[in-house]
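Okay, thanks for letting me go next, everybody. I'll put the structure up, and then we can walk through a few parts of it together.

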Amino acid sequence: MPFRVLCAAATVALLLSSCAGKHQTEGGTLALSFAPTTATSPAKKADADSPIALKPAAWGRLSDPKGLAGRTIEVSSLSDVKLRDKEVVLTFDDGPMPKKTEKILATLDEFGVKASFMMVGEMAKAHPEIAREVVADGHTIGSHTYRHPDLAHMSYDDAVAEIEKGRKAVEAATDVEADFFRFPYLADSKKLRQWVGSHRMVVMDVQVDSKDYFNVSPAAVATRTMDALRAHHKGIILMHDIHPRTAAMLPALLTQLKAEGYKVVQLKYGKPASDMVASSAVTKPLFATN
Ligand SMILES: [Zn+2]
C-alpha cells in the first residue's frame, strides 16, 4: 500500500529531520517574512499558522503570474548544475498523488514554469495517468526508488536494486526516460552516488528544504522556504506533491519568487550547452578523448 509506505516514510523523515528542525524558526507572518524590508518585531508562530494568511490579499497574489520562467539548463552530471543568483529549481518528490499532483500542475501552468517530479516507482505504477500528465505538461521526470526506503541502511546491492526498480517503474508509467534521481531522506553514500552517476542519472541534491512534511500551515511552509532561499540566494528547492499544504502554498510561493526577482530554471538531461563540446562540436580531439 503506497499510503502506508509513505506514512511510515513521513514518520522516519520527521525523525531524521528533527535535529535540524529544532533550530528552524517556525514563525514569521507572511507579511513580515515576505516584506523586502524586514520588520524588527519578533516572529509569531500563531501568525504563520493562521489560515488568514492564506487569503489572496494577504499573500499578494499577482494579477499577471507570467514572467517567472527562466532558463532551461541541460546537464549530464551534478557539476553541470550551475545556478546563478536568483535562480531556483522546483522539485516535487514522492508522487504522483491524485488531486495533489494535479493541483500543483495547474498552478505551475498558471505561472508558466516547469519543475522536476521525482516519482516513487510504486506511486507511478499506481497512478500512471497522472504520471503521464506530468510529462504532457513538459516537466522533468526523475525517480526516487521504488518503495522509498532509507538506502543508507540497506546493503549496497539491495539499494542499487531499489534504485533500478524505481527508475524502471517510473519509465514504464511515463514512457520517458527518468534521468534524475533523488535519495529518499537525502540518505546517500559516496558509493551509491557514484553508481547513480555512472548509470546515466543525475543526483538531484537539495539546497532549500521547504520541510513541507512537517504538520504546519501552508503559510508556514511558504514562509520557511522563502527564508531559507534568501539565505542561499539560489538553489534546488525540495517539496512534495503528496501534501495538501504544498499544493495550497505553491501559488503564494511562486508569487513571492516573482516579486523578489527569482527565475524558475528547468533542468533537462543532456550535454551542457555552455561547455566546450557545444561550441567546438567539430573538434575531433574532444570526441577522441570522450
Ligand atoms: Zn521522498
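So, how do the axes of helix 5 and helix 11 cross? This is a predicted model, by the way. In it, the axes of helix 5, residues 100-111, and helix 11, residues 244-259, come within 9 Å and cross at roughly 5 degrees. That angle is under 35 degrees, so helix 5 counts as roughly parallel to helix 11. If you want to find the contact on screen, look for K100, K103, I104, T107 and F111 on helix 5, and for P244, A247, L250, P251 and L254 on helix 11. Sorted by class, the contact between these two helices has seven nonpolar residues, one polar and two charged.

Helix 5 has another partner to look at, helix 7, residues 128-136. The axes of helix 5 and helix 7 come within 10 Å, crossing at roughly 10 degrees, so this pair is roughly parallel too. Here helix 5 uses T101, E102 and L105, and helix 7 brings I130, E133 and V134. The class count for the contact of helix 5 with helix 7 is three nonpolar, one polar and two charged.

Okay, on to the strands. Take strand 2, residues 87-93: six of its seven residues are buried, so the rest of the structure largely encloses it. Which way does strand 8 run relative to strand 2? Parallel, with six bridges joining the two. One spot to click on is F92, which stands opposite M239 in strand 8. Strand 2 also pairs with strand 3 in the parallel sense, over three bridges, and there D93 sits opposite M118. Then strand 9, residues 263-269, is joined to strand 2 by two bridges, again running parallel. In that pairing, E87 has K263 as its bridge partner.

Now zoom in on S116, which lies in strand 3. Is S116 buried or exposed? It has 24 C-beta neighbours inside 10 Å, so S116 counts as buried. Leaving out residues up to four places away in sequence, S116 touches eight residues you can pick out, V89, T91, H139, T140, G142, F180, M204 and L267. And here's a fun one: S116 and I236 are 120 residues apart along the chain, with 10.0 Å between their C-alpha atoms.

Last bit, confidence. The mean pLDDT of the chain is 80, and 71% of its residues reach 70 or more. But pLDDT stays under 50 over residues 1-58, and also over residues 275-290.

Technical notes. Residues are numbered from 1 along each chain as its sequence is written. This is a predicted model: local features need pLDDT of at least 70, side-chain atom pairs count only at pLDDT 80 or more; totals for chains, interfaces and linings use all residues. Axes are lines fitted to C-alpha atoms, for helices over the stretch in contact, and angles run from 0 to 180 degrees between N-to-C directions. Helices (H or I, at least four residues) and strands (E, at least two) are DSSP runs, numbered from the N terminus. Angles under 35 degrees count as roughly parallel, over 145 as roughly antiparallel, 65 to 115 as roughly perpendicular and the rest as oblique. Two residues are in contact if their C-beta atoms, placed from the backbone, lie within 7 Å. Ala, Val, Leu, Ile, Met, Phe, Trp, Tyr, Cys and Pro count as nonpolar, Asp, Glu, Lys and Arg as charged, and the others, Gly among them, as polar. pLDDT is the predictor's confidence in each residue, from 0 to 100. A residue is buried if 20 or more other C-beta atoms lie within 10 Å of its own, exposed if 12 or fewer, and partly exposed in between; C-beta atoms are placed from the backbone. Two strands pair if DSSP finds at least two bridges between them.
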